[in-house]
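This briefing covers one strand with its pairing partners, and then a disulfide. The sequence and the model come first.

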Amino acid sequence: MGQMMARSWLAGLIAAVAVAGCAPLPAPGTARMPAPVPQVPVLPAPSAPHAATPDGAARSFVQVMRRMEPAVRQDCLNRRTAPISCDFLFVVDDRPGLEPNAFQTVDRNGRPVVGFTLSLIAQTQNPDEIAFVVGHEAAHHILNHLDRKSGAATAAAVVLGSLASAYGGDTGAIARAQEIGASVGARYYSKEWELEADYLGAIITLNAGYDPISGSGLFQRIPDPGNHVLGTHPARGQRLAQVRRAVADVQAGRIR
């Protein structure tokens with residue numbers, strides 16, 4: 001199982017589907033049983049706001065992680081398409097002065113690591129927002145975005161490096177072209193992957209019993225990157241629509 005690690009003061013807080021078929025007719029004089037009604041997943045009620053203090057947000061974070069950890073692990077085991085580890089490690093970076101941020105990476109043994117800065121945790125207003133951030137970052141790992149990003153960057157670097165060489169660039173120019181190609185290649189696909197992570201993250205959040213639509217309210221309080229060609233994140237409206245689509249698909253039985 002994954003574990004959650006944090007330093008300093010935060011460490012002290014961690015203390016119905018039926019199968020259709022042919023049924024025999026009831027014997028004369030017996031009552032016919034009503035047909036089972038398929039169960040439609042119900043969207044959980046939005047979480048109540050936690051105390052609007054760093055301590056209140058931190059306590060809420062600990063409580064949310066107790067539910068999200070097993071949900072993330074199970075969704076990873078059910079949905080992974082590559083032999084990736086589902087033994088998540090959740091960490092909190094409590095260094096002062098860091099901007100609100102969450103990230104996903106892997107350690108040298110391939111274990112997935114999901115990290116959060118204290119400033120991001122403090123910026124959340126309710127457990128749904130914390131749960132959605134956790135689901136979103138875990139989804140990046142489950143969808144194997146880290147490896148795909150590396151591949152896209154490498155391919156773009158090779159292409160631009162080859163073009164620079166073909167047009168007579170010297171060694172320095174070729175190296176610079178490769179650097180630009182790697183950056184462009186990694187960023188070009190990032191908006192698509194963010195939307196993929198929003199979609200799956202919403203489902204993971206919902207499966208853990210939190211409201212992803214309420215959770216995506218965090219998007220309303222962060223700067224909207226718009227729809228720039230090489231922007232690293234999609235526009236706010238796209239992300240909110242993606243979360244609503246995920247919830248609608250689950251409720252319609254199109255995905256679980």
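Both faces of strand E4 are covered in this predicted model. On one side Pro112, Val114 and Phe116 are buried, and on the other side Val113, Gly115 and Thr117 are buried as well. The strand spans residues 112-117, and six of its six residues are buried.

**Pairing of E4**

- E2 and E4 run parallel and are joined by five bridges.
- In this pairing, Asp93 stands opposite Thr117 of E4, and Thr117 is one of the buried residues of the strand.
- Strand E3 (residues 102-106) runs antiparallel to E4, and five bridges join E3 to E4.
- Phe103 stands opposite Gly115 of E4; Gly115 is buried on the side that also holds Val113 and Thr117.
- A hairpin is formed by E3 and E4, with five residues between them.
- Gly110, in the turn of that hairpin, has a positive phi of about 85°.

**Disulfide**

- One disulfide is found in a search of the whole structure.
- Cys76 and Cys86 are the residues joined, with an S to S distance of 2.1 Å.
- The link of Cys76 and Cys86 is left-handed, with -75° about the S-S bond.
- Cys76 belongs to helix H2 (residues 54-79) and Cys86 to the loop between H2 and strand E2 (89-93), so the disulfide ties together parts that are ten residues apart in sequence.
- Cys76 has 0% relative accessibility and therefore counts as buried.
- Cys86 is buried too, at a relative accessible area of 5%.

How values were computed: Residues are numbered from 1 along each chain as its sequence is written. This is a predicted model: local features need pLDDT of at least 70, side-chain atom pairs count only at pLDDT 80 or more; totals for chains, interfaces and linings use all residues. Side-chain values use heavy atoms; hydrogens and water are left out. A disulfide is a pair of cysteine sulfur atoms within 2.5 Å. Helices (H or I, at least four residues) and strands (E, at least two) are DSSP runs, numbered from the N terminus. Buried means under 20% relative accessible area, exposed over 50%, partly exposed in between (1.4 Å probe, protein chains only). Two strands pair if DSSP finds at least two bridges between them.
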